[in-house]
Amino acid sequence: MRHALIAVLGHVDHGKTALVRALTGTDTDRLAEEKARGISIVAGYARLVTPDATLDLVDVPGHERFVRAMIAGASAMRAVLLVVDAREGVRPQTREHAEIAALLGVRRGLIAIARNDRASEEESACAQHQAQALLEELSLGAWPAVRCSAATAEGIPQLAQALATLAEPAPSGEAGRAWMPLDRAFHRKGAGLVVTGALRQGRLAPGDTVELWPGPRRAVIRALQWHGAALEETGPGRRLAAGLRGATAAPGDALASPGLLAESAILDVRVTVLASSPRALRRGEALRLLCGTAETGVRLRLLDRTALAPGEATVAQLLLDAPLALPVRAGFVLRLPSPPRSVAGGVVLDAEAPRRRAREAGLLLAMSGLDTMAAALHALREAGPRGLPEARLRRLAGGALPEGAVVLGGGTALDAVLLARMESRLLAAVEAAMRKDPLGPGAGARALLREALPDAPGEAIAARLVARRALRLEAGHLKPAIATSLGEAERALLDEIEDVFRQAAMAPPETALVLRGDPRRLAALRHLVARRVLVRAPDAVQKREYLFHRDALAQARTALGEALAQRALTVSDCNRILGITRRHGVPLLERLDAEGFTRRSGDLRHLATQPAALGEASA
Ligand SMILES: Nc1nc2c(ncn2[C@@H]2O[C@H](COP(=O)(O)OP(=O)(O)OP(=O)(O)O)[C@@H](O)[C@H]2O)c(=O)[nH]1
Ligand SMILES: [Mg+2]
């Protein structure tokens, strides 16, 4: 079934309420005060069911004192029924209401030339002409006009038919997150808390968990009704009553799917000043913001100019007197505080904006030209290597994660292209550190990440590469990945190289001679070092190192252990015992010192477990 939420707009006393009653049988002026004064004060709701459409009609008050109530009621509208008295023609609130519809982005509608029984043919024609000229001036397009009278029922069936053509098919595709600004909240005996409002976006069903803002406070939807009829599930554009479990609520609050909203006192917006505004809006000017059913004082923070003239549009920030929770792309109206008057409006680009510098106007202009998803991705790119928290990015995108964003382990979202670039940079940095010290333990993760990926969530990026086996993280060191399963050729090479060092025992060859500049041999050597088959033994003075097979070191420990148990030994003593030269003896002993097997004291080596003799100066 096609559906639309249609706002019935127009100047006071032009016959809106009477038309809604003639169309639907519902009297939307229900308050005693409305009946006594003969004018509408709050928005009233009626349903119109035609053979191929269901319609929500929102009958708003036309009196200039109730424009705020008009905005709260009508801002959910998808289309407009603009009611113009056949005799009076376009009057100030006819224009203000049409302007508000234009500011909120509504483009579809109908004109009702109402109370036609009181007017002459010329008067009706003149009223119709004025209404059409107004729509053209506001770029709202050419809407059909129906002459009608609630008193004689002239034109009422035609009006109902024409209204049905404004209904749209239910939006297909993914559910989307719900946003429903509340206009009423009350307790009904046996039903508990009931809230009403128009569902602006997303879908709702009984059983859904929702958030209430300010808050968030959690609640569960117990039941949903549309004009008294229970609903199993519903999409946007319907005026609903929702029974809630587990919360309290007040008019002006918002009901939303979890994760859609966050409270903020700074909004990025695209704002347009009405051509009919009496003056330009100045930078820093205090205004009233109406969005959904909420209202607050704001300051207009123009970024790229000092004043915004009537008819002009730009991007800006709104600094709110009190934080509000709003979804991205929500429409809003700005009013002068006194004399009260609607002067501007637009859409929210970012509902939790940081305080922006003037030069960031470009970013906002770019975002305002893109759809929600693309704008969110744009903002993510602008955030650079720092990225954005996933939840924030989702809110910016209206709930879903934009394609082209990647969420890291810590919950930070990054632009996929930037992430790939940073991963390459990190891999290159690890390789470079390894080249500097091919057989070393790798690069200290902390320092390397700080240097290679400043500002970025480096640990999460490294963890992603480790999980993909593109990197290894061992004892706080990052190393290039190695093949986990070795092929026949690699295994043979490993055996060959290990053999060289085992045979050489305590007089191993220079590493470079074994490597022969062959990257395969380097990989094999790394593998043997990583597995501690070969052990690195540096010579601090000569600034070189040798690799010893672990068996050779074990032999050395045995041979020296026996001698050292008798007395302390010089390097020469040790060399003689082991049958090697100083070239190998120095690094070998330094290694044994490092292992805690021997302890150096001046020129002498002791068994580390044996206390140094008294009076001996330590070097
Ligand atoms: N003759 C005649 N009178 C009408 C017709 N429709 C409404 N009226 C009268 O015009 C007056 C205003 O009608 P409403 O329907 O209350 O006007 P409204 O636009 O809802 O007014 P607000 O809600 O206060 O802005 C009432 O006294 C109605 O009885 C009509 O078709 N013909
Ligand atoms: Mg009325």
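The exercises below work through selected sites of a predicted model.

**Exercise 1. The shell of ligand 1**

Task: Describe the residues around ligand 1 by number, nearness and class.

Solution:
- Step 1. Count the shell. There are 18 residues around ligand 1.
- Step 2. Pick out those that come nearest. They are Thr-17, Ala-18, Ser-40, Arg-115 and Ala-150.
- Step 3. Sort the shell by class. Six residues are nonpolar, seven are polar and five are charged.

**Exercise 2. Polar contacts and cover of ligand 1**

Task: Find which atoms of Lys-16, Ala-150 and Ala-151 approach oxygen atoms of ligand 1, then state how much of the ligand is covered.

Solution:
- Step 1. Start with the side chain. An N or O atom in the side chain of Lys-16 lies 2.8 Å from an oxygen atom of ligand 1.
- Step 2. Move to the backbone. Ala-150 places a polar backbone atom 2.8 Å from an oxygen atom of the ligand. For Ala-151, a backbone N or O atom is 3.2 Å from a ligand oxygen atom.
- Step 3. Turn to area. Alone, ligand 1 has 640 Å² of accessible area, and the protein covers 77% of it.

**Exercise 3. The magnesium site**

Task: Name the residues that coordinate the magnesium ion, ligand 2, and locate them in the chain.

Solution:
- Step 1. Identify the donors. They are OG1 of Thr-17 and OG of Ser-40, at 2.0 Å.
- Step 2. Place each residue. Thr-17 sits in helix α1 (residues 16-24), while Ser-40 belongs to the loop between α2 (32-37) and β2 (44-50).
- Step 3. Judge the separation. The two are 23 residues apart, and the pair links distant parts of the chain.
- Step 4. Check exposure. Both Thr-17 and Ser-40 are buried.
- Step 5. Link the two ligands. Thr-17 and Ser-40 are also among the residues that come nearest to ligand 1.

**Exercise 4. Asp-253 in its loop**

Task: Is Asp-253 buried or exposed, and what does its side chain reach?

Solution:
- Step 1. Locate the residue. Asp-253 is in the loop between β12 (239-245) and β13 (254-256).
- Step 2. Apply the cut-off. Asp-253 has a relative accessible area of 10%, so it is buried, the limit being under 20%.
- Step 3. Follow the side chain. It makes a polar contact of 3.1 Å with the side chain of Arg-217. It also reaches the backbone nitrogen of Ala-250 at 2.9 Å.
- Step 4. Add the other neighbours. Beyond four places in sequence, the contacts of Asp-253 include Met-180, Trp-213 and Thr-293.

**Exercise 5. Packing of α12**

Task: List the buried residues of helix α12 and the elements they pack against.

Solution:
- Step 1. Read along residues 458-467. Gly-458, Ala-460, Ile-461, Ala-462 and Leu-465 are buried.
- Step 2. Find the helical partners. These residues pack against α10 (416-436) and α11 (445-452).
- Step 3. Add the strands. The partners also include β24 (412-415), β26 (471-474) and β27 (477-480).
- Step 4. Look past the helix. Just after α12, Arg-469 has a positive phi of about 60°.

**Exercise 6. Glu-510 and Thr-511**

Task: Set out the exposure of Glu-510 and Thr-511, and what each one contacts.

Solution:
- Step 1. Place them. Glu-510 is in the loop between α13 (488-504) and α14. Thr-511 is in α14 (residues 511-515).
- Step 2. Check exposure. Glu-510 is partly exposed at 38%, whereas Thr-511 is buried at 12%.
- Step 3. List contacts beyond four places in sequence. Glu-510 touches Tyr-546 and Arg-583. Thr-511 contacts Leu-439, Leu-525, Glu-545 and Leu-547.
- Step 4. Inspect side chains. Glu-510 and Arg-583 form a polar contact of 3.2 Å.

**Exercise 7. Backbone exceptions**

Task: Locate two cis peptide bonds and two positive phi values outside glycine.

Solution:
- Step 1. Recall the norm. Most residues other than glycine have a negative phi, and most peptide bonds are trans.
- Step 2. Find the cis bonds. Gly-215 to Pro-216 has omega of about 5°, and Ser-338 to Pro-339 has omega near -5°.
- Step 3. Place the prolines. Pro-216 is in the loop between β9 (209-213) and β10 (217-226). Pro-339 is in the loop between β20 (331-336) and β21 (341-350).
- Step 4. Find the phi values. Ser-139 has about 55°, and Lys-543 about 50°.
- Step 5. Check exposure. Ser-139 is exposed at 55%, and Lys-543 is exposed at 73%.

Conventions. Residues numbered from 1 in each chain as written. Chains lettered and ligands numbered in written order. Predicted model: local features only at pLDDT ≥ 70, side-chain atom pairs only at ≥ 80, totals over all residues. Heavy atoms only, no water. Near = heavy atom within 4 Å. Polar contact = N/O pair within 3.5 Å; in protein donor to acceptor, adjacent residues only side chain to side chain. Areas by Shrake-Rupley, 256 points an atom, 1.4 Å probe, with all protein chains shown as cover. Nonpolar A, V, L, I, M, F, W, Y, C, P; charged D, E, K, R; others polar. Buried < 20%, exposed > 50% of the residue type's maximum accessible area, 1.4 Å probe, protein only. Helix = DSSP H or I, 4+ residues; strand = E, 2+ residues; numbered from the N terminus. Contact = heavy atoms within 4.5 Å. Donors = N, O, S within 2.8 Å, 3.2 Å for Na, K, Ca; no water.
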